[in-house]
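Let's work through a few exercises together. Have a look at the sequence and the structure first, then try each task before reading its solution.

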Amino acid sequence: MAHFTKATSVKDWLNQRLAVEKVEKVMASEYWIPKNINFLWAMGMVLAITFALLLVSGIFLLMYYQPDVKDAFYSVNYTIMRDVDYGWLWRHIHGVAASVVFLVIYIHMFTGIYYGSYKKGREMIWISGMLLFVTFSAEAFSGYMLPWGQMSYWAGMVITNIFSLGGLHLDGLVEWIRGDYVPAQAFLARFFMLHVLLLPLAIMGLIGLHFATLRIPHVNNQDGEEIDFDAESKKYLAGDKAGSKVMRFANDFMSKDMMVVGIYLVFFFYLVFFQYGFALDPVNFDPADGLKTPAHIYPEWYFLWSYEILRPFSVNIGLIAFGFAQVIFMLLPFLDRSPNAVPASRRGAFSIWFWALLIDMIVLTAMGKLPPEGIFSTIGLVAALAFIVLWIALPFITMNEKKA
Amino acid sequence: MKNKEPLILVVVVAFTLLTYWLVEPYAHSVMHKHVESQNFAYADLAPLTKTGDAANGKALVAGAAACTGCHSIEKAGIPAAVDAVAAAQTYGVNPPDLSNAGAIYDAKFLADLIKNPAHALKVEHKFDAAKGKMHPMVAFYGAGGDLDQEVADMVVYLQSIAVKPSEVTPKMAYENACGRCHTVSYEKWTQIGEKPAFKFEKDSLAFDIKVLEYQDALTKYMGKLPPDLSMYIRSRGEHFISTFIENPQVHLEGTAMPRVGVTADAAHKVIEYLEDAGDTKRHERDSVGQMVLIFSIVFAIFALLWKKQVWRDLH
């Protein structure tokens, strides 16, 4: 058993039992971050803050929401929006944050791709991040079911139908997932459970893993420079703060994080109060009606690109393409064959690949929402094929890349 | 080294706005037909050429034109002959009380309605006299004098007994123009009026049964039960509702919903009623929003100053 002495202060008492000073050093003041970074490096903190907003607003919504097909719509649109003081505020924060969190995730992802932050020991950062993307997607989808509006119902119908896997006709699997022939009470209750318990638990665990994966390889920097963190941190601690290439996580980097968060919150709350329509689709303010299919069924904007990879093909090929799109990002560290962990702008053909992928995904996103008619289906098909070709070409493009 | 942050910010914002524009304004403009408001001018209806005489109109409404055979005018002391349910079972929908019709409906519309109901209501596809399908409201063919003069007299009479247009409340406008077909459950509104708070459940159930009986008759008349409008301000939006009220056929060709012929002011009142039902906290949202934005800006300024202070030693 450890040896304990009479504590001289509360801090000392805690130190003997919890090593709080050491924890503070490891987590904050001696967690070293390169100085050569830009505001895109603050997206992790922006995501953490947005997740906190989702969690807190979600807790308040959970107190009044009724997971019952007869009461769900009413509990959201009457009880929460009208009866409960500031219920509307929690709902708007929750709905807008659920949409904006994906915007920040995509910025965070493309930052990682651009700067090669998934290579040379940082593979696990990327993989844990992609696992977070998958769980956030499931969380967003399950949450979208809960107001039990028209889009909840019909999106639930369409997405669970995917599990019949086209030509395999696994209708029994679809019924097993739904707990019924159509989305109904069992469906709503289990998506409610997933949304408020299992998936948030998984997300919190994965956030812990994601932070842990950063520990050993450290954060990348905007020039792909290899930094000797031990030497640079010694320099910093010796007093040469300006000469060192690294800085403390707190308060040095944290102060920049909070500056970006401050600006982000102005944008976020502007959306919450004055521009929320993009995140709270009008169609979902009609109660679910299994006898009335909406004229246009589309997922939320952040799923549109993968929806458009599913849509332009025949059922079986579409499902294969869709499955490809779901897993391919995860494999990025292994498909990129180049040893260069530098910004895309210094990587020749990869630079073109990066911008082509970004633009292709924006085109897919737009076509995923537009009705699949005329020129839109053609553009959608071309963009979906381009997505697949881009990923197949990636190993070949990067294999022969010159040392940067 | 050159500071690349402004350029990066421009790139991030530009791609974000492009994506937003594509999936929101652009995609919705492709998916939904754009209908321009005509400001409730009812340009298809002929303007009133005659100056009406209210006293003569009063005599016609209760006499030769027989309006009060079906319509109550409570303001003039003429109650309804039968209750709302019995009226709906007879006519399909309860004929409106005319007390404030002169303030809520457009004068040109009222004149055309008296002369040719199916035309004014834009339901001639449903009620075609040639095929023997008569509109339940009987057209007025004149009491022997100049038809246009007599119609103008009745319109002026209805205007003379109505409240001033500025005194029309949102609920009054909704009740007259929409409320005999559409419930607004979040405001406790039913087709037979606002549901009161009952002390005994049997009274509450008795009221509900009356509503159901009314709705059965209405469903038969309209082809389907008109939807509850509680959340329509969020599901359809102001522009859609306003242009739909103005002319339902433009949005939904062949619909059984009639053009109701409200004035622009009355349409605004109807929208306000729907906002109270489905966007109840909009004023609170605006005022809280301003405070939160001011707080966020102050927070951002302090965060910026803190960053500057911390980083002074790092460069």
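**Exercise 1.** Which residues in helix 11 of chain B are buried?

Solution. Keep in mind that you're looking at a predicted model.
- Step 1: find helix 11 of chain B, which covers residues 238-246.
- Step 2: pick out the residues with 20 or more other C-beta atoms within 10 Å, the cut-off for buried. In this helix, B:Ile241, B:Thr243, B:Ile245 and B:Glu246 are buried.
- Step 3: look at what lies over them. The cover includes helix 10 (232-235), helix 12 (248-251) and helix 13 (264-278) of chain B.

**Exercise 2.** Find out how chain A meets chain B, and describe the side that chain A offers.

Solution.
- Step 1: take the residues on both sides. Chain A brings 44 residues to the contact, and chain B brings 41 residues.
- Step 2: sort the chain A side by element. Helix 4 (72-83), helix 5 (87-114), helix 11 (249-274) and helix 15 (349-369) of chain A each give two or more residues. Helix 11 of chain A gives the most, with 15 residues.
- Step 3: sort that side by class. You get 30 nonpolar, seven polar and seven charged residues.

**Exercise 3.** Work out how helix 3 and helix 5 of chain A run relative to each other.

Solution.
- Step 1: recall that a packed pair of helices is described by the angle and the distance between their axes.
- Step 2: apply that here. The axes of helix 3 (residues 43-62) of chain A and helix 5 of chain A come within 9 Å and cross at roughly 155 degrees.
- Step 3: compare with the cut-off: angles over 145 count as roughly antiparallel. Therefore helix 3 of chain A is roughly antiparallel to helix 5 of chain A.
- Step 4: add the handedness, which is left-handed for this crossing.
- Step 5: check the classes. The contact between these two helices has 17 nonpolar residues, seven polar and one charged.

**Exercise 4.** Look for unusual backbone geometry in chain A, starting with A:Ala19.

Solution.
- Step 1: most residues other than glycine have a negative phi, and most peptide bonds are trans.
- Step 2: A:Ala19 isn't a glycine, yet its phi is positive, about 50 degrees. A:Ala19 sits in the loop between helix 1 (10-18) and helix 2 (20-29) of chain A, and A:Ala19 is exposed, with 12 other C-beta atoms within 10 Å.
- Step 3: A:Lys120 also has a positive phi of about 50 degrees. With 15 C-beta neighbours inside 10 Å, A:Lys120 is partly exposed.
- Step 4: the peptide bond from A:Ala250 to A:Asn251 is cis, and A:Asn251 lies in helix 11 of chain A.

Terms used: Residues are numbered from 1 along each chain as its sequence is written. Chains are lettered from A and ligands numbered from 1 in the order in which they are written. This is a predicted model: local features need pLDDT of at least 70, side-chain atom pairs count only at pLDDT 80 or more; totals for chains, interfaces and linings use all residues. Two residues are in contact if their C-beta atoms, placed from the backbone, lie within 7 Å. Helices (H or I, at least four residues) and strands (E, at least two) are DSSP runs, numbered from the N terminus. Ala, Val, Leu, Ile, Met, Phe, Trp, Tyr, Cys and Pro count as nonpolar, Asp, Glu, Lys and Arg as charged, and the others, Gly among them, as polar. Axes are lines fitted to C-alpha atoms, for helices over the stretch in contact, and angles run from 0 to 180 degrees between N-to-C directions. Angles under 35 degrees count as roughly parallel, over 145 as roughly antiparallel, 65 to 115 as roughly perpendicular and the rest as oblique. A crossing is left-handed if the near helix is turned anticlockwise from the far one by less than a right angle, and right-handed if clockwise.
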